[in-house]
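Reader: I would like to go through the labels on this model one by one. For each, I will ask what earns it.

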Amino acid sequence: MVKFGRKFRINTIGNVDTGSLAYQAAYSGKAASDSLAQMASAYLPNDKNVEIVLQSPLTMTFVVKRFVMPALATAKITVLNVGKARRDSLYRDPWQSMVSPMPPIKIAAGYGEGNLPYLFIGNVKSCCSYRRPGSTDYATEFECFGASDTVQAAVTSRNMRAGESKNNTILSLISELTKADSAITKGAIHSYDTTYSRGIPLFGETWELLKRETDNKCFIDNNTVHVLEEGDCFAGVVTEISAESGLKSTPIKHNHMVQVEMVFEPGLVLGQAIRLNSKSYSFFNGDYKIYGIEHSGTISDSQGGECSTLVTLYRPDLMTFLNAR
């Protein structure tokens with residue numbers, strides 16, 4: 001278990017005056033890279049949109065919340081001492097989301113060098129920079145929501161014929177989401193055995209229709225659409241929560257859920273199966289489904305800071321493993 005050497009990387013898109021000297025010095029005419037092009041499909045490109053990368057050794061504080069529910073994931077990110085040209089290009093008034101697409105953002109973090117897992121993929125609702133009285137640090141603060149532009153943009157207008165299966169109806173709605181934003185992908189989908197005896201009209205916002213068809217069993221996590229019933233799950237890279245993997249606290253029961261806090265673990269995925277192995281409260285031990293993930297803390301090469309992951313677990317009576325893709 002390697003739990004040191006935390007690093008982060010943020011990829012997003014800024015809008016700048018390409019004729020300014022500040023732009024030329026900061027970007028040298030660099031356009032958005034191919035790695036962000038797919039994610040930015042809903043964000044209309046022009047010659048003033050450029051990819052901005054913020055990464056270690058800058059300092060980032062963050063709170064990321066993701067849950068197995070139709071509500072969108074959220075992220076509040078603050079990065080210290082971003083250069084003025086980038087601060088200016090990243091600025092976004094929250095009211096802009098009412099009239100223009102929200103810029104995409106990818107936030108990756110983990111340990112050591114190499115590929116970092118994604119904590120959050122979504123859109124920037126607002127971004128501003130400020131300096132507190134008495135402080136020498138400029139703070140650039142992002143407020144983000146998961147797949148918010150896709151949810152707002154996708155509209156369905158069609159009729160499903162009599163005899164159509166529930167699964168085909170669900171897959172049809174997911175395909176409408178992927179058409180609205182090519183960065184959206186299909187994840188684990190429950191297999192229903194229902195067939196409609198009458199035609200089904202599908203008119204309205206695609207996400208609302210999908211919520212209706214799945215009885216609110218759908219969710220989008222890092223641009224992947226899943227439809228999971230209570231016992232559905234899939235395999236993850238991290239297979240156990242224990243003292244050896246970073247468990248920090250005793251499990252706490254909240255209604256039907258169990259919450260545990262552990263050392264920052266970005267490899268966890270919503271909906272995956274996980275085994276809890278607590279030495280202090282062994283009667284909570286067993287196999288669970290991850291229902292919620294909350295990452296928080298500070299990643300910095302210049303100042304100390306703790307990072308942790310609060311995991312919400314649910315233990316269904318029977319677990320059924322699905323393919324995550």
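Author: Start with a cut-off. A salt bridge is a side-chain nitrogen of Lys or Arg within 4 Å of a carboxyl oxygen of Asp or Glu. Keep in mind that this is a predicted model.

Reader: What makes Lys 211 and Glu 208 a salt bridge?

Author: Their side chains come to 3.3 Å, N to O. The limit is 4 Å, so the pair qualifies. Both residues lie in helix 6, three residues apart, about one turn of the helix. An α-helix has 3.6 residues a turn, so residues three or four places apart point the same way.

Reader: Why is Glu 208 called partly exposed?

Author: Its relative accessibility is 40%. Buried means under 20% and exposed means over 50%. Glu 208 falls in between, so partly exposed is the label. Lys 211, in contrast, is buried.

Reader: What makes helix 6 mostly covered?

Author: Seven of its nine residues are buried. Among them are Trp 207, Leu 209 and Leu 210. The cover includes helix 4 (148-153), strand 8 (155-160), helix 5, strand 10 (200-205), strand 11 and strand 12.

Reader: Which residue takes a positive phi just after helix 6?

Author: Asp 215, at about 55°. Asp 215 is also linked with Lys 217 and Glu 229 in a network of salt bridges.

Reader: How many salt bridges does the structure hold?

Author: Twelve. One of them joins Asp 88 and Lys 84, with the closest N and O atoms 2.6 Å apart. That is within the 4 Å limit, so this pair passes too. Asp 88 and Lys 84 are four residues apart in helix 3, or about one helical turn. Lys 84 has 54% relative accessibility and counts as exposed. Asp 88 has 45% and is partly exposed.

Reader: Why does Arg 87 have no salt bridge?

Author: The nearest side chain of opposite charge, Asp 88, is 5.5 Å away. The cut-off is 4 Å, so the pair fails. Arg 87 is buried all the same. Its place is in helix 3 (residues 84-90).

Reader: What does the side chain of Arg 87 have as a polar partner?

Author: The backbone oxygen of Val 82 lies 2.7 Å from a polar atom of that side chain. A polar contact needs N or O atoms within 3.5 Å, so the distance fits. Arg 87 also touches Ser 129, Tyr 138 and Thr 140, among others.

Reader: What does the salt bridge between Arg 275 and Asp 287 tie together?

Author: The N to O distance is 2.7 Å. Arg 275 sits in strand 17 (residues 273-277) and Asp 287 in strand 18 (residues 286-299), so the pair ties together parts that are twelve residues apart in sequence. Arg 275 is partly exposed at 44%. Asp 287 is partly exposed at 33%.

Reader: Now the sheet. What is the order of the three strands in the open sheet?

Author: The order is 9-12-11, with mixed pairing. Strand 9 (185-189) and strand 11 (218-221) each have a single partner strand, so one side of each is left without a neighbour in the sheet. Neighbouring strands are turned by 25° against each other on average, direction ignored.

Reader: How do you know that strand 9 and strand 12 pair?

Author: Two strands pair if there are at least two bridges between them. Three bridges join strand 9 to strand 12 (residues 224-227), so the test is met. These two strands run parallel. Lys 186 stands opposite Val 225 in strand 12.

Reader: Which strands do helix 5 and helix 6 touch?

Author: Helix 5 (residues 166-180) touches strand 9 and strand 12, and its direction makes about 155° with that of strand 9. Helix 6 (residues 206-214) touches strand 11 and strand 12, at about 130° to strand 11.

Reader: Are Asn 222 and Asn 223 buried or exposed?

Author: Buried. Asn 222 has a relative accessible area of 18%, and Asn 223 has 8%. The limit is under 20%, so the label holds for Asn 222 and for Asn 223. Asn 222 lies in the loop between strand 11 and strand 12, and Asn 223 is found there as well.

Reader: What is phi in these two residues?

Author: Positive. Phi is near 50° in Asn 222 and about 70° in Asn 223. Most residues other than glycine have a negative phi.

Methods. Residues are numbered from 1 along each chain as its sequence is written. This is a predicted model: local features need pLDDT of at least 70, side-chain atom pairs count only at pLDDT 80 or more; totals for chains, interfaces and linings use all residues. Side-chain values use heavy atoms; hydrogens and water are left out. Axes are lines fitted to C-alpha atoms, for helices over the stretch in contact, and angles run from 0 to 180 degrees between N-to-C directions. Contact means heavy atoms within 4.5 Å. Buried means under 20% relative accessible area, exposed over 50%, partly exposed in between (1.4 Å probe, protein chains only). Lys and Arg count as positive and Asp and Glu as negative; His and the chain ends are not counted. A polar contact is a pair of N or O atoms within 3.5 Å; within protein, one must be able to donate a hydrogen and the other to accept it, and residues adjacent in sequence count only if both atoms are side-chain atoms.
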